[in-house]
Amino acid sequence: MEEYVEALCSEYAARNNFSGVCMVKRKGETVFAKAYGYANRAFQIPNEIDTRFDAASITKIFTAAAVLQLIEQRKMRLQDRITELLDLSGTEIPDDVTVEHLLNHTSGIADDADEEAGEDYSALFADSPNYAIRECRDFLKNFAYKKPHYKAGTDVRYCNCSYVLLGLAIEQISGMNYRDYFRQNIFDRAGMARSGFFSMDEVNENTAEGYRSVTDQDGRVVSYKKNIYCYPPMGTPDGGAYTTAEDLNRFLTAIRDHVLLGEKFADMFLHPHCEFTRPMEGDEIPGLYEQNGYGFEFLMLEGSGEPFCICKDGMNDGVAAKFSYYPEKDMTLVLLANQECNVWEMTRKIQSELYRRYY
């Protein structure tokens, strides 16, 4: 397996713009770990295994874990209506949207940028400076006054801003800024010493800069631009936390070992909770379909009640990330990149090889 993954990563680094880290673990032991490309292109500072990368929407699994902690402590409930937890008067957030709807993307609320409809997230900042958005409440003006797509619970549609509302609920209930809450109750408890929310206008040790590709008329990458104007300068509950490949493994271990959540809620976190499914068309693994959970997404095999893969990905201009766990074989695959690269295709190829060898 090590030889296969190394050959694939080397090919993508040489020909497909991969700059980042790939790590594969099995039963807690590292099968493969290697860094590629530059954390800083201007000074040609290479990425390292412990380099911190913007994880984009992988941040949502930290937010979901924080919400489940508060539910486990009986400070909130899955069926609580978000309008009862937060003052959203005057907005278009419906009264029937629950915490669970927000967690599994069945709320129907509008997003700030409707990426499923092809809207460009960075276009939000064409007329409004990105540095004006640093806290959860700063996002409300960009989505809370838009009409919902559908009635809560009747469909599924990925929504970044549902996790902004969850972040506001965390702050309201805990009395803490969500970054402080995450640091104390997620990162510190899980031993994720290199993870956190780092502002792009600060100096952060061993942290990869993100780069947008500049292409010619034939689609070839000819240069790069920093992604500093593409999204808010500091991460929020829906995306933008910085982490390492090893810290993502530590997070998963802390969930499985009931460090962050008790047995009941850890099990809840590691299983799907959404009636709507999506077939994985074109995948080499037969009978594979996708189902949402609380933060995590799940690849299920037809006829099996247990997940084949527990995963979450993230994408922004200059950021590509994928975190996958295969519970039956106790294997993890982490791909973190600081350039636009098809880590999803890389994951599918490694996953197919993993399936061929071990299943």
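So, α5 and α6: these two helices are roughly perpendicular to each other, because their axes cross at roughly 80 degrees. I should say straight away that this is a predicted model. The α5 and α6 axes come within 9 Å. On the α5 side, the contact is made by Gly167, Ile170, Glu171 and Ser174, and α6 brings Tyr178, Tyr181 and Phe182. If you sort the residues of that contact by type, you get four nonpolar, two polar and one charged.

Let's stay with α6, since there is plenty to look at there. Please bring up helix α2, residues 59–72, alongside α6, which covers residues 178–190. Their axes come within 11 Å and cross at roughly 100 degrees. That crossing makes α2 roughly perpendicular to α6, because anything from 65 to 115 degrees is counted that way. From α2, the residues in the contact are Phe62, Thr63, Ala65, Ala66, Gln69 and Leu70. From α6, they are Tyr181, Phe182, Asn185, Ile186, Phe187 and Arg189. This contact of α2 with α6 divides into eight nonpolar residues, three polar and one charged.

You may have noticed Tyr181 and Phe182 turning up again: they are in the contact with α5, and they are in the contact with α2.

Now, which residues of α6 are buried? They are Tyr178, Arg179, Tyr181, Phe182, Asn185, Ile186, Phe187 and Ala190. A reminder for reading that list: an α-helix has 3.6 residues a turn, so residues three or four places apart point the same way. And what do the buried residues of α6 pack against? Their partners are α2, α5, which runs over 161–174, and α7, which runs over 245–256.

Let me walk along α6 from its start. There, a side-chain oxygen of Asn177 comes to within 2.8 Å of the backbone nitrogen of Arg179. Further along, at Gln184, α6 bends by about 30 degrees. After the helix comes Gly191, with a positive phi near 75 degrees.

Speaking of positive phi, I have a couple of residues that are not glycines. Take Gln44, whose phi is positive, near 50 degrees. You will find Gln44 in the loop between β3, at 38–40, and β4, at 45–46. Then there is Ala56, not a glycine either, with a positive phi of about 50 degrees. Ala56 sits in the loop between β5, at 53–54, and α2. Are these two buried or exposed? Gln44 has a relative accessible area of 54%, so it is exposed. Ala56 is at 1% relative accessibility, which means it counts as buried.

Next, please move to the loop between α3, residues 82–85, and α4, residues 99–103. I picked out Gly90 and Thr98 from this loop. Gly90 counts as exposed, because its relative accessibility is 67%. In space, Gly90 is 9.0 Å from Ala144, C-alpha to C-alpha, with their positions 54 residues apart in sequence. Thr98 counts as buried, because its relative accessibility is 7%. What does Thr98 touch, if we leave aside its neighbours within four places in sequence? The contacts are with Leu78, Gln79, Asp80, Arg81 and Ile82.

Last stop: helix α9, residues 343–358. Let's look at Gln351 in that helix. Gln351 is buried, because its relative accessible area is 3%. Not counting residues up to four places away in sequence, Gln351 touches Asp283, Ile285, Leu288, Leu299, Phe308, Cys309 and Tyr326. With one of those, Tyr326, there is a polar contact of 2.8 Å between the side chains. It is also worth finding Glu284 on your screens: Glu284 and Gln351 are 67 residues apart in sequence, with their C-alpha atoms 9.3 Å apart in space.

Glu353 is in α9 as well. Here the relative accessibility is 10%, so Glu353 counts as buried. Which side chain does the side chain of Glu353 make a polar contact with? The partner is Arg356, at 2.6 Å. Leaving out residues up to four places away in sequence, Glu353 touches Met1 and Tyr4.

That's my tour, thanks for following along!

Definitions and conventions
Residues are numbered from 1 along each chain as its sequence is written. This is a predicted model: local features need pLDDT of at least 70, side-chain atom pairs count only at pLDDT 80 or more; totals for chains, interfaces and linings use all residues. Side-chain values use heavy atoms; hydrogens and water are left out. Axes are lines fitted to C-alpha atoms, for helices over the stretch in contact, and angles run from 0 to 180 degrees between N-to-C directions. Helices (H or I, at least four residues) and strands (E, at least two) are DSSP runs, numbered from the N terminus. Angles under 35 degrees count as roughly parallel, over 145 as roughly antiparallel, 65 to 115 as roughly perpendicular and the rest as oblique. Contact means heavy atoms within 4.5 Å. Ala, Val, Leu, Ile, Met, Phe, Trp, Tyr, Cys and Pro count as nonpolar, Asp, Glu, Lys and Arg as charged, and the others, Gly among them, as polar. Buried means under 20% relative accessible area, exposed over 50%, partly exposed in between (1.4 Å probe, protein chains only). The bend at a residue is the angle between axes fitted to the seven residues ending there and the seven starting there. A polar contact is a pair of N or O atoms within 3.5 Å; within protein, one must be able to donate a hydrogen and the other to accept it, and residues adjacent in sequence count only if both atoms are side-chain atoms.
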